[in-house]
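Q: I have a structure open and I'd like to go through it slowly with someone. Can we start with the overall picture and then move on to the details?

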Amino acid sequence: MHTTLLIRNAHCVATFDDANRELKDASVFIRGNTIEAIGPATELPQTADDVINARGHLVLPGMVNTHHHMVQSLTRAIPAVQNAELFGWLRGLYPIWAGLTPEMVFTATQTAMAELLLSGCTTSSDHLYIYPNGVRLDDSIAAAQQIGMRFVATRGSMSVGQSQGGLPPDSVVEREDFILHESQRLVEQYHDARHGSMLNIALAPCSPFSVSRELMRESAALARSFKQQGVRLHTHLAENDHDIAYSLEKFGCTPAQYAQDLGWLGADVWHAHCVKLDDEGISLYAATRTGVAHCPCSNMRLASGIAPVRNMLSAGVPVGLGVDGSASNDAGHMVNEARQAMLLARLRKSLEAPSVDAQGKTVFGCDTAPLEMTARDALRLATRGGAQVLGRTDIGHLAVGMCADLAVFDLNTVAFAGGAVHDPVASLLLCASPQAAYTVVNGRVVVRQGQLATLELGPLVERHNRLAVALAEAAR
């Protein structure tokens, strides 16, 4: 018997479907893990096994996080790297991460996922690329299965240490034959390509400055050997000026050209950041449908720059949002990430040359052109955009037959006062960065009345903080 869930009498259901429907006084009826009906509350069932009274609430698709390093929640706000740019930040943290244990990875993954779920995020990828002291990706997978998050677990890797011209210390790199063996094991053991899958595996060599050409090529070949299984590829690319300079010096080409040479462009690939992607790179990504995980908070935190997201979208590049590492964002709040994406895109537009008339004179006070990004644009990146980047057609918008992944926000709070009465959808980003009142993943209520429902948050945070202190002290 499939249980039923009714989200009843919502003030607004923003579907982000093909017609961009925003339904007033509407309900969503769920059977098992699938949406069975959406429409006016008076026309849908009035009872179910579980009923959520959504009067005065906004319902939207569960958000999709396309790039994260969950283990980094243990090293948030480390003083030595609070003001560092990317390469210095990494050099300061590699020695600390060398002390990670399986318990730390499990606990940090659950802590990061709890934060995401409480912000209305229902699906997340994670890029774990450091495996000391017996750590395995299985530790993250077990954590996700217990807490109830839809998960894209990427088997990251680093194989080129400092002695070979790479960035990471030799103590945290792995042999490439072992990396490939583990990658194959994980896909064969865990990857589920079915509609509604709760777990996908992707292969994710860390970056051009921490793995070899051979590992990049062989990882791509391995992923693509699982025909019709949708095993995807992921890495960091074109994150900041140092990243570009490294690629030009070591490989004699831009990061986008390097990716093209290695076979790392395509509809089965997504790259994190792409802050410094040039026009040629954008054209390559658009032509090949290569995805981008836009990480605005992390890009600002590490002073990497402002990604040309509007140019990417206009060219046809698939773009989603990522909160990135908990130690380069220091937060994992998806509503806030969407808000920052909107604001940063508008800032980028303001930095462009001013408008001029036919005589070449600057035009003041009559700019009627649309802003670089609206609130709905940003929310679409956080939902449908993320689903597209992760290769999922069963999540990201609300429609009959889609997976029952939803986020529900209470509009009757001070943060929405004076905003939701005018535009409940836009006010989610323009007025507030709220916690979700309810989060539903695969038909299961995992956040109920603002509280995590799948495990006790207090003991988790206490254990996480104890491990965070122990990890930092061990590196001193």
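A: Happily, and one definition helps at the outset: the radius of gyration is taken over C-alpha atoms, and the rule for a globule is 2.2 Å times the number of residues to the power 0.38. Please also keep in mind that this is a predicted model.

Q: OK, what radius of gyration does the protein have, and what would a compact globule have?

A: The protein has a radius of gyration of 22 Å, and because a compact globule with 476 residues would be near 23 Å, the value agrees with that expectation. Along its principal axes, the C-alpha trace spans about 70 × 70 × 45 Å.

Q: How many helices and strands are there in the protein?

A: The protein has 14 helices and 17 strands.

Q: And what share of the residues counts as buried?

A: Of the 476 residues, 60% count as buried. As for contacts in the protein with a separation of 6 or more, 76% of them are accounted for by residues 24 or more positions apart.

Q: Let's get to the helices. How do you even describe two of them packed together?

A: Two packed helices are described by the angle between their axes and by the distance between those axes.

Q: Then what are the angle and the distance for α4 and α5?

A: Helix α4, residues 176-190, packs with helix α5, residues 213-225, at an angle of about 20°, and their axes are 11 Å apart. Angles under 35 degrees count as roughly parallel, and α4 and α5 are therefore roughly parallel to each other. The crossing in which α4 passes α5 is right-handed.

Q: Which residues meet there?

A: From α4 the residues are E176, I179, L180, S183 and Q184, and they meet E214, L215, E218, S219 and L222 in α5. Sorted by class, the residues of this contact between α4 and α5 are four nonpolar, three polar and three charged.

Q: What about α5 and α7, how do they pack?

A: α5 and α7 pack at an angle of about 55°, with their axes 9 Å apart, and they are therefore oblique to each other. In this contact, R213, M216 and R217 in α5 meet Y258, D261 and L262 in α7. By class, the contact of α5 with α7 has three nonpolar residues, no polar ones and three charged ones.

Q: Now the pair further along, α11 and α12: at what angle do they cross?

A: Helix α11, residues 334-350, and helix α12, residues 375-389, cross at roughly 130°, and their axes come within 9 Å. α11 and α12 are therefore oblique to each other, and their crossing is right-handed.

Q: Which residues make that contact, and how do they divide by class?

A: On the α11 side there are M334, A338, M342 and R346, which meet A375, A378 and A382 in α12. The residues of this contact of α11 with α12 divide into six nonpolar, no polar and one charged.

Q: Switching topic: which residues of α8 are buried?

A: In helix α8, which covers residues 279-288, the buried residues are G281, I282, L284, Y285 and A286. These buried residues of α8 pack against the strands β10, β11 and β12 and also against the helices α7 and α10.

Q: And what follows α8?

A: α8 is followed by R289, which lies in the loop between α8 and β12. R289 has a positive phi of about 60° although it is not a glycine, and because its relative accessibility is 37%, R289 counts as partly exposed.

Q: What about D330, where is it and what is its phi?

A: D330 is in the loop between β13 and α11, and its phi is positive, about 65°, although D330 is not a glycine. With a relative accessible area of 27%, D330 is partly exposed.

Q: Last one, F106: which helix is it in, and what does it contact?

A: F106 lies in helix α2, residues 102-118. Leaving aside its neighbours within four places in sequence, F106 is in contact with D139, A142, A143 and Q146. The C-alpha atoms of F106 and A144 are separated by 8.7 Å, although these two residues are 38 residues apart along the chain.

Q: Why does F106 count as partly exposed?

A: Buried means under 20% relative accessible area, and because F106 is at 21%, F106 counts as partly exposed.

Methods
Residues are numbered from 1 along each chain as its sequence is written. This is a predicted model: local features need pLDDT of at least 70, side-chain atom pairs count only at pLDDT 80 or more; totals for chains, interfaces and linings use all residues. Side-chain values use heavy atoms; hydrogens and water are left out. Axes are lines fitted to C-alpha atoms, for helices over the stretch in contact, and angles run from 0 to 180 degrees between N-to-C directions. Helices (H or I, at least four residues) and strands (E, at least two) are DSSP runs, numbered from the N terminus. Angles under 35 degrees count as roughly parallel, over 145 as roughly antiparallel, 65 to 115 as roughly perpendicular and the rest as oblique. A crossing is left-handed if the near helix is turned anticlockwise from the far one by less than a right angle, and right-handed if clockwise. Contact means heavy atoms within 4.5 Å. Ala, Val, Leu, Ile, Met, Phe, Trp, Tyr, Cys and Pro count as nonpolar, Asp, Glu, Lys and Arg as charged, and the others, Gly among them, as polar. Buried means under 20% relative accessible area, exposed over 50%, partly exposed in between (1.4 Å probe, protein chains only).
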